[in-house]
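Let's take a walk through this structure together, one corner at a time. Keep the sequence and the 3D view at hand as you read.

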Amino acid sequence: MLIDQSSDQGSPVGESALKILTLHREVLVDQVKNTQCILDNLLSSGFVCNEDVEIIQRCTTKTDQVRKILELVQSKGEEASAYFIHILHEAYDAFIDLRPWFKDIDYKPSEFVQQLPVVNTDPISKYCEKLRHDLGRDTRFITSYSQREETRLEELYTDTQMEILNESNESQGYLENLDDLIGEKGVFNQDAETIFVTGDAGVGKSIMLQKLQNLWSKRELDTRAKFFFKFRCRMFSTFKETDEISLKDLIFKHNCYPDMDPDNEVFSYILRFPETVIFTFDGYDEIHSDFDLSNLPEVVSPEERTHPLLVLMNLLCGKLLKGSLKVLTARTGTEVQNRVVRKRVILKGFSPNHLQRYTALHFPDREHLALVTVQLDASPHLGGLCSIPLFCWIIFKSFKHLQSVYSDIDLPGSCVTLTSVFLLLSEVFLSRSSPPGLLKRSTRCTADTFRAGGQVLTAYTHLALLGMVENRFVFQQEDVTSCGLEEDDLQIGYIRPVSQYDGCGSAATFEFLHITLQSFLAAFALVLDKDSDPSEILKFFAQCEYRKRSGFPCASCLGRSQPRDKDPFQTNAHLQFLNLFLCGLLSKPNRSLLEQLVPPLLLKKKQSLLKTYLSNSVKLHLRSLPRYKSEFEGTKVHAMSTFVWMVRCIFETNSEDVARLAAKGISGDYLKMAFCNIFSADCSAINFVLHHYSKSIGVDMDNNNISDYGVKQLRPSFSKMTVVRLCVNQITDCSIEVLAEELIRYKVVKTLGLYKNQITDAGAKLIGQIIEECPRIHTLNMWGNAIGDKGAEAFAEAMKNHTSLTNLSLSANEITSEGGRYIAEALKNNSSLHIFWLIGNKISDEAASDLSEAIKMNRALTHIMLIDNQFSVHGAKVLAEGMSHNTTLKEINLKGNLVSEEEEKHFKAEPRLRFH
């Protein structure tokens with residue numbers, strides 16, 4: 001405690017403020033930059049006079065002014081010194097660099113000094129407070145169904161999985177929280193300033209940024225940034241080709257202006273200290289531009305005006321405000337060159353644990369929570385859909401609304417499609433426009449709801465289609481009016497007003513609740529259209545062909561990769577969703593509903609056109625897939641991400657004929673779907689096609705986002721899989737239970753790949769059963785799990801007398817010497833294993849003699865990989881002695897163990913023992 005002013009004596013006890021100022025004078029002179037705020041408060045509280053202030057202000061430098069202030073307050077005694085320290089503490093943003101110092105000295109103000117007011121008169125601090133206030137207000141609530149409903153962010157926000165990628169897009173683990181997002185973890189390019197976050201539609205990119213902004217506004221984000229500016233990238237599509245803006249105007253006009261800053265101190269501070277600024281740019285893939293900016297001169301002056309898109313590019317490239325931190329989000333598939341990326345993060349949606357927490361927040365009533373939990377557990381496909389936060393929110397909110405209206409409502413069943421989820425949302429929107437009843441209704445008639453709201457629905461679909469045709473996500477008031485929407489219709493919930501795009505604070509523009517909802521309604525417009533030729537329903541399919549793009553094409557420092565006639569910003573994800581919803585709306589299960597809205601003959605014609613087109617497209621697409629012969633695995637078919645979109649569309653159509661056609665078209669022995677951005681709910685679609693495949697097939701689904709929900713959906717297809725590769729897919733022991741049950745039942749598996757998942761010793765015991773019961777299995781990869789010594793014991797028991805297992809990896813599995821001894825005992829009896837990978841464990845000299853004995857007895861092993869373990873030169877000698885009795889073994893690799901270069905020379909006589 002610095003000072004404890006006694007109510008009786010008024011005298012301080014403990015370390016005095018005078019002493020603190022003397023001891024820490026050097027720190028204060030170095031760190032205190034704002035003297036005006038200190039002088040204003042000392043003057044208003046009567047500790048100094050106007051003459052004192054004038055004398056101090058005559059000093060030419062800030063450091064000299066600080067020295068003078070310190071001399072002055074110390075000369076005036078303990079109370080003035082204590083109040084000086086209190087000013088530094090209370091004027092938070094004016095002296096933010098002193099926060100660590102206050103923590104170091106364990107500052108606790110006395111009751112006396114706390115009674116003295118402190119007013120932060122620093123214009124920079126006042127602007128920071130204004131920013132925090134505005135950002136806190138704007139991010140406090142989550143967008144809900146209508147403008148009348150509000151849900152607090154803190155009441156419903158749940159973290160999602162945030163995977164870190166390196167410069168080669170390889171997984172580097174997961175971030176724990178949003179502090180890690182802007183921190184150093186996962187940084188691979190220290191010279192860059194942009195954190196690039198990608199993820200599928202609805203995975204939670206926008207709400208993650210909202211939470212980040214909200215934490216900063218409440219000073220709960222671990223950062224020393226004083227300024228936080230947020231932007232939606234789609235606003236850059238609203239500018240005209242002739243529009244110009246400076247960096248200064250872009251920041252202030254589209255966030256907020258400083259008050260009482262005639263000397264431009266705030267912007268000058270931002271330019272001097274760009275490291276105190278964080279920008280967020282949400283939805284880079286939503287920028288649409290027909291402008292040719294290549295001929296515009298580059299502008300690197302913050303005051304000079306140029307086209308807003310060029311300002312954005314120069315910000316992201318670091319040509320403007322170099323040193324500031326940028327967080328940029330985009331949909332999966334949007335590419336940005338590594339030279340401007342500081343860190344790559346991909347959002348993967350809810351894990352099962354995240355989903356449990358989110359469900360509990362939605363359903364505080366225990367009875368409802370139990371009902372929902374049971375239904376999620378009973379339907380892996382529904383659980384998979386709910387792993388995407390947007391879809392989960394729609395399902396839960398729709399369920400809660402319909403449950404409040406009707407007496408007997410359950411969650412959607414196991415055959416739910418994405419189209420049915422958005423139809424459910426529309427039913428809720430349209431039912432909200434009807435006057436509420438006092439009692440719950442006993443029956444629910446979806447067709448009646450859509451018929452009653454048909455006029456409003458049609459108007460919204462016209463607006464959505466207008467946006468898709470013109471590649472727009474932001475609409476003016478005249479657009480809304482021209483589609484037949486009136487003021488009352490805007491309360492239903494499909495669209496919301498957004499004021500930030502015009503920069504003037506007025507609700508001049510509108511956007512749909514989510515871009516995926518706009519895609520759904522645009523597809524609905526094509527189905528409802530009675531005037532155009534039926535073939536118009538196919539107009540967007542041609543625009544969704546696969547082509548690789550590079551981001552930032554406008555920035556000359558990064559190069560251009562698109563011809564001039566292609567929109568360099570355009571991504572096709574929203575059009576792919578449009579086509580997917582078209583397939584779902586025209587599916588057989590939705591026929592009875594749509595016949596209430598569209599003439600049956602016209603509907604039938606559109607269904608026939610779509611089925612024919614889809615069938616032909618499936619044939620063409622499958623013929624175009626890369627194929628190559630493999631010596632051991634037959635013909636390999638390499639699927640692209642568009643293959644997954646095709647499978648999704650087939651699933652939405654619910655057409656067994658098209659699924660059968662797709663299965664026949666695969667015509668290979670091995671289907672490679674690695675890195676195809678498959679998430680758990682897609683597994684139902686993949687299974688829908690694969691169950692029509694007539695023979696056995698190998699399936700590689702490495703590096704996707706399948707999770708336990710996806711594995712459960714694939715259950716029917718495991719009967720024909722000779723290769724099961726599910727590496728890097730966040731699967732746990734729950735998935736291994738499914739695999740053990742199915743693979744042991746059919747006994748056809750030959751290769752099992754499970755590296756970099758979340759499997760423990762419990763899962764290892766089940767995999768041991770798979771090894772014992774499946775006589776054809778020859779390759780098993782468990783690299784990067786957490787099976788430990790108990791898991792190693794289970795594997796050892798399983799492989800003792802196995803006759804076909806030739807290649808086994810238990811690398812990076814937290815195995816110690818105890819597990820090493822179990823493995824050694826098994827190797828004495830195993831006669832099939834050729835290559836054994838044990839890299840990155842904790843096996844040491846304690847297991848060396850056991851392994852040496854096993855090496856003497858084993859005549860099958862050719863390679864033992866013990867890189868990055870804990871063997872010393874003694875353990876290496878023991879292993880070398882065992883090798884002297886074995887002529888079959890070609891290599892034991894001890895690179896990265898505890899053997900020095902000098903000690904390595906002792907093993908020149910045994911070249912098979914390698915250290916490099």
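Right after helix α29 comes Ser667, and its phi is positive, near 35°. Helices here, like strands, are DSSP runs numbered from the N terminus (H or I over at least four residues for a helix, E over at least two for a strand). Before going on, a word on where this comes from: the model is predicted, so local features need pLDDT of at least 70 and side-chain atom pairs count only at pLDDT 80 or more, while totals for chains, interfaces and linings use all residues. Residues are numbered from 1 along each chain as its sequence is written, and side-chain values use heavy atoms, with hydrogens and water left out.

Back to α29 itself, which spans residues 656–666. Val658, Ala659, Ala662, Ala663 and Ile666 are buried there, where buried means under 20% relative accessible area with a 1.4 Å probe, protein chains only. Why do they end up on the same side of α29? Because they cover an arc of only 140° around the axis, the arc being that of the directions from the helix axis to the C-beta atoms. As a rule, an α-helix has 3.6 residues a turn, so residues three or four places apart point the same way.

Now look at two other helices, α20 (residues 418–432) and α25 (residues 573–585), whose axes lie 8 Å apart at an angle of about 85°. Axes are lines fitted to C-alpha atoms, for helices over the stretch in contact, and angles run from 0 to 180 degrees between N-to-C directions. So α20 is roughly perpendicular to α25, a label for angles of 65 to 115 degrees. In this contact (heavy atoms within 4.5 Å), α20 brings Leu418, Thr419, Phe422 and Leu423, and α25 brings Phe577, Leu580, Phe581, Gly584 and Leu585.

Next, a sheet. Three strands form an open, antiparallel one in the order β10-β12-β11; strands pair if DSSP finds at least two bridges between them. β10 (475–476) and β11 (495–498) are the edge strands, each pairing on one side only. β11 pairs with β12 (residues 509–512) over four bridges, and Arg496 has Glu511 in β12 as its bridge partner. Helix α22 (residues 454–469) packs on this sheet and touches β10, β11 and β12, with its direction at about 95° to that of β12.

Finally, how many disulfides are there? Zero, counting pairs of cysteine sulfur atoms within 2.5 Å. For Cys392, the nearest cysteine sulfur is that of Cys386, 4.0 Å away; Cys392 is buried, at 0% relative accessibility.

Technical notes
Buried means under 20% relative accessible area, exposed over 50%, partly exposed in between (1.4 Å probe, protein chains only). Angles under 35 degrees count as roughly parallel, over 145 as roughly antiparallel, 65 to 115 as roughly perpendicular and the rest as oblique.
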